[in-house]
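Dear colleague,

Please find below the structure that I am handing over to you, followed by an account of what was found in it. I would be grateful if you would read the two side by side.

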Amino acid sequence: MNAPLLSGIHIAVPSPTATISLTTPSLAKGAPMASVHVIDHPLIEAKLTHMRDRDTTSPEFRALLKEISILMGYEITRDFPTKLCEVDTPICRASFPVLKDDFFTIVPILRAGLGMVDGLLELMPFAHVGHIGLVRNEQTHLPEEYYYKMPEGYEGSVIMVVDPMLATGGSAVDAISSLKKRGCNNIRLVNLVAAPQGIEAVRTVHPDVDIYVAAVDEGLNEDAYIVPGLGDAGDRIFGTK
Ligand code: PRP
Ligand code: URA
């Protein structure tokens, strides 16, 4: 069940046993959230609830993540510019909108971000895909980069960094910094579930980056997992635990 916190922001209520640490005073005080888009469509909410269930299997989890990615794709791309193009309909010639640019780059943060790629590619089959490999050190919870591979000429394109989980924000902050270091300046971040701490971290370091999320949860536990969250997204997608 989601309880309204701020206009457009919903915080999922955790179980009474969960450990909560809400350390984002500016969010709690209602700081402007202009660059955070919470896509809380009922279809997305229902599918996400199913994903959160610990008994949902890996094949179901993957299918739901793909479906949600398609649905989120409509909002992520809502401001893409269009231009007019002449078309001969069976009746007459007239002008209609088409996308102005067709070079978009989807950048999953490995591994779990891969789970969002197929859905977005279904919506935008012409998009390019780059990969950033990051893994959180289990002791420090800090991300470590192990892979970086992008399509040629991606720097000037709209870049959608995708990862189901935004927990401390360390992985997203580092991925975006890596892209900016190479000259990218049109980046948006797409997550399924975010902790307020992660949103705050990204907004602090990268205030120019729009964030799209399906849900903002209550906080993080002592292992820096999102509460109530959905557990380890990579493990659930790939069945590694
Ligand atoms: C998870 C998740 C994010 C990161 C989020 O990846 O997919 O990349 O943690 O946490 P943060 O916001 O605190 O950085 P993980 O490091 O577990 O790697 P995996 O995708 O290979 O499982
Ligand atoms: N990574 C995950 O996969 N889940 C979390 O809750 C936090 C980080």
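**Loops with unusual backbone geometry**

Pro228 is located in the loop that joins β15 (226–227) to α7. Here and below, helices (H or I, at least four residues) and strands (E, at least two) are DSSP runs, numbered from the N terminus. The peptide bond leading from Val227 into Pro228 is cis, and its omega is near 0°.

Before going further, please note that this is a predicted model, in which local features need pLDDT of at least 70 and side-chain atom pairs count only at pLDDT 80 or more, while totals for chains, interfaces and linings use all residues. Residues are numbered from 1 along each chain as its sequence is written, chains are lettered from A and ligands numbered from 1 in the order in which they are written, and side-chain values use heavy atoms, with hydrogens and water left out.

A cis peptide bond also links Leu110 to Arg111, with omega near -5°. Arg111 belongs to the loop between β6 and α4 (117–123). Two residues that are not glycines have a positive phi: His141, at about 65°, and Ala224, at about 65°. His141 is found in the loop between β8 and β9 (143–149), whereas Ala224 is in the loop between β14 (219–220) and β15.

**The largest pocket**

Rolling a probe the size of a water molecule over the atoms shows where empty space is left. The search used a 1 Å grid over the protein atoms alone; a pocket is an open set of points where a 1.4 Å probe fits, with protein on both sides within 12 Å along at least five of seven lines, and lining residues have an atom within 4 Å of a point. The volume of the largest pocket is about 700 Å³, a volume being the space filled by probe spheres set on the grid points, which are joined across faces, edges and corners.

The lining comprises 31 residues, and those nearest the centre of the pocket are Val135, Arg136, Ser171, Tyr225 and Asp232. At least two lining residues come from each of β6 (104–110), β8 (131–136), β11 (165–166), α5 (170–181) and α7 (233–238). By class, the lining has 14 nonpolar, 9 polar and 8 charged residues; Ala, Val, Leu, Ile, Met, Phe, Trp, Tyr, Cys and Pro count as nonpolar, Asp, Glu, Lys and Arg as charged, and the others, Gly among them, as polar.

**Ligand 1**

Which space does ligand 1 take? Ligand 1 occupies the largest pocket, where sitting in a pocket requires more than half of a molecule's atoms to lie within 2 Å of its grid points. Around ligand 1 there are 16 residues, the closest being Arg136, Asp163, Thr168, Gly169 and Ser171; a residue is near a molecule if one of its heavy atoms lies within 4 Å of it. This shell divides into 7 nonpolar, 5 polar and 4 charged residues, and β6, β8, β11 and α5 each contribute at least two of its members.

Several polar contacts (pairs of N or O atoms within 3.5 Å) involve oxygen atoms of ligand 1. A side-chain N or O atom of Asp163 is 2.4 Å from one such oxygen, and a polar side-chain atom of Ser171 is 2.5 Å from an oxygen of the ligand. From the backbone, an N or O atom of Ala167 lies 2.9 Å from a ligand 1 oxygen. The protein covers 92% of the 500 Å² of accessible area that ligand 1 has on its own, by the Shrake-Rupley method with a 1.4 Å probe.

**Ligand 2**

Ligand 2 also sits in the largest pocket. Its surroundings consist of Arg136, Met165, Ala167, Ala224, Tyr225, Ile226, Gly231, Asp232 and Ala233, that is, 6 nonpolar, 1 polar and 2 charged residues. Backbone N or O atoms of Ile226 and of Ala233 each lie 2.8 Å from an oxygen atom of ligand 2. A polar backbone atom of Gly231 is 2.8 Å from a nitrogen atom of ligand 2. On its own, ligand 2 has 240 Å² of accessible area, of which the protein covers 89%.

With kind regards

How values were computed. Polar contact = N/O pair within 3.5 Å; in protein donor to acceptor, adjacent residues only side chain to side chain.
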